[in-house]
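Trainee: I'm new to this one and I'd like a close look at a single part of it. Could you take me through it slowly, once it's up on the screen?

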Amino acid sequence: MRPSSETRPAWLVPAGMAVFSTAMLGGAFAFQYLGGLAPCVLCLYQRYPHAAAIILGLLGLALVRRAPQATRWLCVLGGLALLTSAGIGLFHVGVEHLWWEGTAECGATSMPDSLEAVKAQLMNQPIVRCTDIAWEMFGISMAGYNFLLSAAAGCLAIALSLPRRA
């Protein structure tokens, strides 16, 4: 049984969404700049939906008293942004475990047919490959934790924001 909107403060969901995504981005930046773990392109892609969720959460907070229905739908959109980050994280986990190939930006996916093509391929290789797991805990990579946490937070934000049926 979920709490009704009458027992839950209207600011709680947008604030929680903004705080959650701020913490996730803060952790990613801490690993990058304090821990020295350079992100791959899929790591970077996972960050954009968190930035969107922060913006949507803050907009929801700004409108919570004047337009509560708009706040609800902003939170649903923020939840969808979190689920998008979770989806990218799940895709990244699959790339890390070699279940499927990553994007073209993740590394070479074709054989060059000339010396110039080899040179161009080498010069365009990413610094960090998407298949490399930079950090893991209990056998779960950062992409895996992003998937788990963002999926839970996204589902929760949507569930708490959708209108209740009688």
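Which residues does Met-24 touch, not counting residues up to four places away in sequence?

Mentor: Happy to. Keep in mind that this is a predicted model. Leaving out residues up to four places away in sequence, Met-24 touches His-50, Asn-146, Leu-149 and Ser-150.

Now let's see what Met-24 belongs to. Met-24 is part of the largest nonpolar core, which has eleven residues in all. Its companions there are Val-13, Met-17, Phe-20, Ala-53, Cys-75, Ala-81, Leu-82, Ala-153, Ala-157 and Leu-160. The elements that each put two or more residues into this core are helix H1 (12-34), helix H3 (68-96) and helix H5 (142-161). H1 is the top contributor, with four residues. Apart from this core there's another one, made of seven residues, including Cys-40, Val-41, Val-95 and Cys-106.

To place those helices, step back to the whole chain for a moment. The protein chain has five helices and two strands, and from the N terminus on the elements go α-α-α-α-β-β-α. Of its 166 residues, 36% are buried. Take the contacts in the chain with a separation of 6 or more: 75% of them are between residues 24 or more positions apart.

Back to the helices around the core, starting with H3 and H5. Their axes come within 7 Å and cross at roughly 160°. With angles over 145 degrees counting as roughly antiparallel, H3 and H5 are therefore roughly antiparallel to each other. The crossing of H3 past H5 is left-handed. Sort the residues of this contact by class and you get 15 nonpolar, nine polar and two charged.

Val-76 gives you a good spot from which to see that pair. Val-76 sits in helix H3 and has a relative accessible area of 10%; buried means under 20%, so Val-76 is buried. Ile-158 is 82 residues away from Val-76 along the chain, but their C-alpha atoms are separated by 4.8 Å. Setting aside neighbours within four places in sequence, Val-76 is in contact with Ile-158, Ser-161 and Leu-162.

H3 has another partner, helix H2 (residues 41-63). H2 and H3 pack at an angle of about 170°, and their axes are 8 Å apart. That makes H2 roughly antiparallel to H3. The contact of H2 with H3 has 18 nonpolar residues, nine polar ones and no charged ones.

Next, return to H1, the helix that gives the most to the core. Val-19 is found in H1 too. Is Val-19 buried or exposed? At 57% relative accessible area, Val-19 is exposed, because exposed means over 50%. The C-alpha atoms of Val-19 and Ala-53 are separated by 9.5 Å, with their positions 34 residues apart along the chain. Ala-53 is one of the core residues.

Now move over to Met-142, which has its place in helix H5. Met-142 has a relative accessible area of 28% and is partly exposed, because that class lies between the 20% and 50% cut-offs. Not counting residues up to four places away in sequence, Met-142 touches Phe-31, Leu-37, Ala-134 and Trp-135. Gly-27 and Met-142 are 115 residues apart in sequence, and from C-alpha to C-alpha they are 9.9 Å apart.

Finally, have a look at a couple of loop residues. Phe-138 lies in the loop between strand S1 (136-137) and strand S2 (140-141). Phe-138 isn't a glycine, although it has a positive phi of about 55°. Its relative accessible area is 75%, so Phe-138 is exposed. Leu-98 lies in the loop between H3 and helix H4 (115-123). Leu-98 also isn't a glycine, and its phi is positive, at about 60°. With 65% relative accessibility, Leu-98 counts as exposed.

So here's the picture to take away from your question. Met-24 touches His-50, Asn-146, Leu-149 and Ser-150, and Met-24 belongs to the eleven-residue core. H1, H3 and H5 each give two or more residues to that core.

How values were computed:
Residues are numbered from 1 along each chain as its sequence is written. This is a predicted model: local features need pLDDT of at least 70, side-chain atom pairs count only at pLDDT 80 or more; totals for chains, interfaces and linings use all residues. Side-chain values use heavy atoms; hydrogens and water are left out. A nonpolar core is a set of buried Ala, Val, Leu, Ile, Met, Phe, Trp, Tyr and Cys residues joined through side-chain atoms within 4.5 Å. Buried means under 20% relative accessible area, exposed over 50%, partly exposed in between (1.4 Å probe, protein chains only). Contact means heavy atoms within 4.5 Å. Axes are lines fitted to C-alpha atoms, for helices over the stretch in contact, and angles run from 0 to 180 degrees between N-to-C directions. Angles under 35 degrees count as roughly parallel, over 145 as roughly antiparallel, 65 to 115 as roughly perpendicular and the rest as oblique. A crossing is left-handed if the near helix is turned anticlockwise from the far one by less than a right angle, and right-handed if clockwise. Ala, Val, Leu, Ile, Met, Phe, Trp, Tyr, Cys and Pro count as nonpolar, Asp, Glu, Lys and Arg as charged, and the others, Gly among them, as polar.
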